[in-house]
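Welcome to this short tour of a protein chain. Have the sequence and the 3D view open side by side, and look up each residue as you come to it.

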Amino acid sequence: MEYKCSVCGDQVEGDLVVFTEHTEKHIIDEIKSTHPEWAGDNGVCVPCAEYFRKQLKGE
Ligand SMILES: [Zn+2]
């Protein structure tokens with residue numbers, strides 16, 4: 001199954017990461033600040049998820 005990551009636009013195989021509004025709202029907000037058109041339930045690819053998690057940690 002292939003998905004299109006709506007953040008980086010890459011076609012990715014396998015699973016998208018879908019954030020739970022309740023537990024990861026800060027990540028959702030961070031992504032939306034750079035990608036206003038993105039909706040939380042669109043999900044992102046794994047590298048994007050890792051990237052934004054690191055952004056929030058300031059790494
Ligand atoms: Zn991506």
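Let's start at Cys 48, which touches Cys 5, Val 7 and Cys 8 when residues up to four places away in sequence are not counted. Keep in mind as you read that this is a predicted model. Cys 48 lies in helix α2, and that helix is a good guide to much of what follows.

**Cys 48 and its surroundings**

- Is Cys 48 buried or exposed? Cys 48 is buried, because 20 other C-beta atoms lie within 10 Å, and 20 or more is what it takes to count as buried.
- Cys 48 and Glu 13 are 35 residues apart in sequence, and their C-alpha atoms are 14 Å apart in space.
- Val 7 offers another pairing to look up: its C-alpha atom is separated by 7.4 Å from that of Cys 48, although the two residues are 41 apart along the chain.

**The nonpolar core**

- Which residues make up the largest nonpolar core? There are 7 in all: Cys 5, Ile 31, Val 44, Cys 45, Cys 48, Ala 49 and Phe 52.
- Helix α2, residues 46–57, supplies the largest share of this core, with 3 residues.
- Ala 49, one of the core residues, is in contact with Val 17 and Val 44, leaving aside its neighbours within four places in sequence.

**Helix α2, face by face**

- The 12 residues of α2 should span 16 Å at 1.5 Å a residue, and the end C-alpha atoms are 17 Å apart, which agrees.
- Three residues of α2 are buried: Cys 48, Ala 49 and Phe 52.
- Looking down the axis of α2, you will find its buried residues within an arc of 100°, so they line one face of the helix.
- Turn to the other side of α2 and you meet Glu 50, Lys 54 and Lys 57, which are exposed.
- Part of what covers the buried residues of α2 is α1 (25–34).
- After α2 comes Gly 58, whose phi is positive, near 75°.

**How the two helices meet**

- Two packed helices are described by the angle between their axes and by the distance between those axes.
- For α1 and α2, the packing angle is about 100° and the axes are 10 Å apart.
- That angle makes α1 roughly perpendicular to α2.
- Which residues meet here? From α1 come His 26, Ile 27, Glu 30 and Ile 31, and they meet Phe 52, Arg 53, Gln 55 and Leu 56 of α2.

**Three loop residues to visit**

- Val 7 is found in the loop between β1 (2–4) and β2 (11–13).
- Val 7 has 19 other C-beta atoms within 10 Å, so this residue is partly exposed.
- Beyond its neighbours within four places in sequence, Val 7 is in contact with Ile 31, His 35, Trp 38, Val 44 and Cys 48.
- Trp 38 is found in the loop between α1 and α2, and Trp 38 is partly exposed because it has 17 other C-beta atoms within 10 Å.
- Not counting residues up to four places away in sequence, Trp 38 touches Ser 6, Val 7, Ile 31 and Lys 32.
- From Trp 38 to Met 1, 37 residues away along the chain, the C-alpha atoms are separated by 21 Å.
- Where is Gly 43? Gly 43 has its place in the loop between α1 and α2.
- With 19 other C-beta atoms within 10 Å, Gly 43 is partly exposed.
- Gly 43 is in contact with Leu 16, Val 17 and Val 18, leaving aside its neighbours within four places in sequence.
- Gly 43 and Glu 13 are 30 residues apart in sequence, and 13 Å apart in space from C-alpha to C-alpha.

Notes. Residues are numbered from 1 along each chain as its sequence is written. This is a predicted model: local features need pLDDT of at least 70, side-chain atom pairs count only at pLDDT 80 or more; totals for chains, interfaces and linings use all residues. Helices (H or I, at least four residues) and strands (E, at least two) are DSSP runs, numbered from the N terminus. A residue is buried if 20 or more other C-beta atoms lie within 10 Å of its own, exposed if 12 or fewer, and partly exposed in between; C-beta atoms are placed from the backbone. Two residues are in contact if their C-beta atoms, placed from the backbone, lie within 7 Å. A nonpolar core is a set of buried Ala, Val, Leu, Ile, Met, Phe, Trp, Tyr and Cys residues joined through C-beta atoms within 7 Å. The expected span of a helix is 1.5 Å times one less than its number of residues. The arc is that of the directions from the helix axis to the C-beta atoms. Axes are lines fitted to C-alpha atoms, for helices over the stretch in contact, and angles run from 0 to 180 degrees between N-to-C directions. Angles under 35 degrees count as roughly parallel, over 145 as roughly antiparallel, 65 to 115 as roughly perpendicular and the rest as oblique.
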